[in-house]
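Hi,

Here is the structure I promised to pass on. Have a look first, and my notes on the side-chain contacts follow below.

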Amino acid sequence: MTQYAENGVKTNDLSCVLRIDSVYGSALLTGDIEASSEAALLRENAAAVRADAVIVPHHGSRTSSTPAFIAAVAPRIAVFTAGYRNRFGHPRPDIVARYTRMEARLFRTDLDGAVTLTFAPAANAVVERTVKRRYWYDAPQAAATALE
């Protein structure tokens, strides 16, 4: 993308976007890109963003995950990387709803802990709170993450 040469581009929109492909599936790592970068990726090569799993752009903020971008990616798995009770309110409920409408399986690091993606023989995700369950690890409640 040519945005690196432009003046005044937000640093989030300079995030590295990486697609990882294997015989069994693909993952799209989006960093903190926002709607303008999503649109640029779609203009350049919309087919190149299709992936089985996506790390949701910018933690599920309102500045990202446009309907056109989500439709082009068409993920079966969407991972929201957000801190528990973060001050930004990520992920935003309307963005979570967009991925839900696409019927993607949703994982959230604020509620699930670490998420491990595997692609053999099919795309799948495992959450640490399930795999390494400890009695002192009470799972956070989804309602506690929403801003009032």
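R19 and D21 form a salt bridge, with 2.8 Å between the closest N and O atoms. A word before going further: this is a predicted model. R19 counts as partly exposed at 32% relative accessibility, and D21 is partly exposed too, with a relative accessible area of 48%.

The structure holds 4 salt bridges in total, and I will take you through two others here. One of them joins D52 to R76, whose closest N and O atoms are 3.1 Å apart. Where do D52 and R76 lie? D52 is in the loop between α1 (35-45) and β3 (53-55), while R76 is in the loop between α2 (67-73) and β4, so the pair ties together parts that are 24 residues apart in sequence. R76 has a relative accessible area of 41%, which makes this residue partly exposed.

The other one brings together the side chains of R62 and D94, at 3.5 Å from N to O. R62 sits in the loop between β3 and α2 and D94 belongs to helix α3, so this salt bridge ties together parts that are 32 residues apart in sequence. Are these two residues buried or exposed? R62 counts as exposed, at 55% relative accessibility. D94 counts as partly exposed, at 31%.

Now for the aromatic side chains. The structure holds 1 aromatic pair, and the partners are F80 and Y99. Their geometry is edge-to-face: the centres are 5.6 Å apart and the planes make an angle of 85 degrees. Why does that angle count as edge-to-face? Because the label applies to planes over 60 degrees apart, and the value for F80 and Y99 is 85 degrees.

This pair also links distant parts of the chain. F80 is in strand β4 (residues 77-80) and Y99 is in helix α3 (residues 93-101), with their positions 19 residues apart in the numbering. Helix α3 therefore turns up twice in these notes, as it holds D94 of the salt bridge with R62 and Y99 of the aromatic pair.

As for accessibility, F80 is buried, with a relative accessible area of 0%. Y99 is buried as well, at 1%. Both values fall under the 20% cut-off, so both residues are classed as buried.

Happy browsing, and do write back with any questions.

Best wishes

Note on methods. Residues are numbered from 1 along each chain as its sequence is written. This is a predicted model: local features need pLDDT of at least 70, side-chain atom pairs count only at pLDDT 80 or more; totals for chains, interfaces and linings use all residues. Side-chain values use heavy atoms; hydrogens and water are left out. Rings of Phe, Tyr and Trp (its six-membered ring) pair if their centres lie within 6.5 Å; planes under 30 degrees apart count as stacked, over 60 as edge-to-face and the rest as tilted. Helices (H or I, at least four residues) and strands (E, at least two) are DSSP runs, numbered from the N terminus. Buried means under 20% relative accessible area, exposed over 50%, partly exposed in between (1.4 Å probe, protein chains only).
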